[in-house]
Structures are given as structure tokens and as C-alpha cells.
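The exercises below are to be worked with the sequence and the model side by side. Each one sets a task and then goes through a solution step by step.

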Amino acid sequence: MAYYHVEHTGLKGFITHEDNESAHVAGYPGDVWVTENTTWATRVGAVEKTKTEAQALVDAAISGSVYEEGEPNAGEQIVLVLP
Amino acid sequence: MAELDDTEITGSVLLGQSAENTGSAGNLWFDSDENIMKYSYSLEVVAWSTGGNLNTGRSCLAGAGTQDATLAFGGQTPAAVTCTEEYDGSTETWTNITPATLSATYQNAGAGTQNAALSFGGTPVNTCTQEYNGSTWSAGGNLNTGRGLLGGAGTQDAALAFGGSFFSCRSETEEYNGSTETWTSNSPTNYLSTARGTVAGAGTQNAGLAIGGITPSAVSCTEEYNGTSWSAGGALITARGRIAGAGTQDAALAMTGGVTCTEEYDGSTWSESTAAPASRTYNAGAGTQDAAVTFGGTAPSNLTLEYSRTFPTLVCCL
């Protein structure tokens, strides 16, 4: 599994059906993407990161976000661990 | 000017007609009563209006159907509720359906029509699926992944469940087969690219649309489902979650979500439309891009809002 950083263009086609059917592209906060699809990464100009670097981007993006009322750990900082 | 008689001389150019000749657009005629040329034209009007109030104000409910024949089910007040209400758009009234008791659930998703609806999922990790036949609810097959705040699309016989949240945002997508009452998934090929909760849905099982959501930040991303996988669509102009959706994959509507702005999707890009009169969250939506309805929402609320595109015929004097 590889970790990438690239800002979503917001345009149709940023990820195509073919991309996801070839190898699923999973997005995370902080413009972090996890995939084995190197063809997609090259096409969109994604920059490969180490898992540690990618996790730091995710952590920064969700810093200050807390679990909502009714969820376990309500009010505490949300934790999102990359696969 | 000479007086003209009431004679139609072409398909669209009418002479000597009275002011009653306003039935269709594109007509040019001479109004002999007022002694003036007139022209009728059609004007696109997109507007919000207030509908009848839900009998039970609630948030985190689900909806199905059309603007004229809507179904509201589940939700919280803040306790989870079991009630089902049917909306008659012609009279703008909600009617409690008794004893159409849904198993108490909130943050569930809906699909289908007023007389053939589907409720699925809910908080905390509800796998429950229930089918409505116009008078009663019955149990359907369970979701494989229990979750609330998920998106829904499609029909009672062919529904789509995607995303959701409880403790973590979900990307799982499941397809419902009403004849076998089973949900299936194709992990991870048909998972959303962006896991998210409070995502809105539109479209069908084979042409679905996932709109906005939270990851936990509000996102603008739109994804399109083709029955096999998701692809990126055009991004919302305003990122938001807790949003209501309506319409199809090629003609969708994004309503509210903590903001008043309304956006229309054409299958590629979103454009801004007439703003809603009130900001809502955790409300439900139903209908089409041209005739939608949204109802309920935080605080809990019983407010119903109708979104309509009409083309009234107007007459101008030349």
C-alpha cells in the first residue's frame, strides 16, 4: 500500500471508475490518498509520502475535531489511523 | 389602427384575440379590446415555499418518494421515534400512518417511493432493514455493515447504501436485492473513495450519487456510482455535511446542510440555485431536481420546505 498527497481538483474524472476497479483509491482528510494504483497517482500528480508523513497530514487535518454526542468518546479528539 | 377581427392566421401569430389568449408561450396577437399587440412567453421560476408541518418534529430522519407523495420515517426527538408520516403535496399535509410502526431508529437512510419504501441502517450500528408497503413495515435483510448517517438511493427492490459513520467514517457500499432481501458488497472495489458520514444520496442503484458529508470536516466531494464502482464527480461549490439530496445522478439537488445555499448537479458540475429560506441540518429530502421537498431537521423541527421549478406563461405588451 502506498500513501500519496494531492489536492482533489474538484472536477469530474479525478478518480474514474476504471481507477477504482483497477485498484481502489481511498481518500482521507488532509488530501491523503491510499492506494496501490500508481497509474492514477501519476496521472493526478500525487506525491508519494511515507506512512508516517501521511498520518501526520491526516492528524493535522482533523485536529480539533471531536466525536459527536451519542458516539463513544463523545467530545474527545477524533482519531483516524491510516491502514 | 384598423379594428381586426378575432381570426387566427398562423400557428403562433394570432390577430384580434382578446386578453384571454394567454394559455401558451410563444404567441403573438393583436388584442382588439386594448388595441395593442401582445406576446406570451415562458419564464423559468425556481423558488422555495413552505409546506405543511410534520406532525412529529424530528431530526435525523429518512425520507422517500416525491414532492407530491412523500414518506417520512424514523428520526429523533431526541429519543428515537417509530412514527411514519405520508405527505400529500396537493394539500400540503402530513398524515400519521397508524399502526405503521417502524422499529425505533434514527440517522437511518431511505429509498423508494411513498408506497414502496425502504429504511436501512441507523445509529449506533444498526443493520436493520425495513420495507414499507403503503400501510405497514416489515423486516428485510440486514445490512452487512451496521451504521448510521449513511446515504441511500434507489428503490425498495434495488437500493444502494453507502458511507455512514459511527466512531469512524465508513466507505462501504452495499446493494439491496428486494426479491431475496439481501445486501451485497464488492469490497473494496465498490467502496466510496472518500469515507464519510452524513452523506446525501440521489439516483438509483446503478446510477447513484453521493453528495458531500463529513470526514470529520465538511467535504465538497461528489461521487458517482455505476453499479460496479464509484468515480469522482464535480465538487459542490459549498462543502457541507448533514445535507439533504434529491433527484438523479444527472439531475441532482443538494439542499441545506448547515447553510441555505442550494445547488443543482448536471452530471458534471454543480451550480448555485435559489437559496433555501432557512438553514437546516439532519433533515431529509425527497423528489426530483425540479420538484423536491425537505423536512424535519435539528432542533428537532417539523418544518417542510418545497423546492419547485415552474414555467409560468406571462404576457407582455409590444
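**Exercise 1. Describe the polar and charged pairing between chain A and chain B, and then the make-up of the side of chain A that touches chain B.**

Step 1. Between chain A and chain B there are 15 residue pairs in polar contact, both residues being at pLDDT 80 or more; a polar contact is a pair of N or O atoms within 3.5 Å, where within protein one must be able to donate a hydrogen and the other to accept it, and residues adjacent in sequence count only if both atoms are side-chain atoms.

Step 2. Helix 1 (17-22), strand 2 (26-28) and helix 3 (51-62) of chain A each supply at least two residues of the side that touches chain B, and helix 1 gives the largest share, 3 residues. Helices (H or I, at least four residues) and strands (E, at least two) are DSSP runs, numbered from the N terminus.

Step 3. The residues on this side of chain A divide into 13 nonpolar, 11 polar and 4 charged, where Ala, Val, Leu, Ile, Met, Phe, Trp, Tyr, Cys and Pro count as nonpolar, Asp, Glu, Lys and Arg as charged, and the others, Gly among them, as polar.

Step 4. The count of salt bridges between the two chains is 1, a salt bridge being a side-chain nitrogen of Lys or Arg within 4 Å of a carboxyl oxygen of Asp or Glu. A:Lys12 forms a salt bridge with B:Glu224, with the closest N and O atoms 3.1 Å apart.

A note on the source: this is a predicted model, in which local features need pLDDT of at least 70 and side-chain atom pairs count only at pLDDT 80 or more, while totals for chains, interfaces and linings use all residues. Residues are numbered from 1 along each chain as its sequence is written, chains are lettered from A and ligands numbered from 1 in the order in which they are written, and side-chain values use heavy atoms, with hydrogens and water left out.

**Exercise 2. State how much area is buried between chain A and chain B, and which residues of chain A supply the most of it.**

Step 1. The contact, meaning heavy atoms within 4.5 Å, takes 28 residues from chain A and 30 residues from chain B.

Step 2. About 2,100 Å² is buried between the chains, and carbon and sulfur atoms give 51% of this area; buried area is the accessible area (1.4 Å probe) that two parts lose on being put together, summed over both.

Step 3. A:Lys12, A:His17 and A:His24 supply 30% of the area that chain A buries against chain B, more than any other three residues.

**Exercise 3. Decide whether B:Thr129 is buried or exposed, and locate the cis peptide bond at B:Pro124.**

Step 1. B:Thr129 is found in strand 12 (residues 129-132) of chain B, and it counts as buried because its relative accessibility is 0%; buried means under 20% relative accessible area, exposed over 50%, and partly exposed in between (1.4 Å probe, protein chains only).

Step 2. Not counting residues up to four places away in sequence, B:Thr129 touches several residues, including B:Phe120, B:Leu143, B:Tyr176 and B:Trp183.

Step 3. B:Pro124 lies in the loop between strand 11 (116-120) and strand 12 of chain B, and a cis peptide bond with omega of about 10° joins B:Thr123 to B:Pro124.

**Exercise 4. Compare the accessibility of B:Arg242 and B:Tyr282.**

Step 1. B:Arg242 has a positive phi of about 50° although it is not a glycine, and B:Arg242 is partly exposed, with a relative accessible area of 26%.

Step 2. B:Tyr282, with phi near 55°, counts as buried at 15% relative accessibility.
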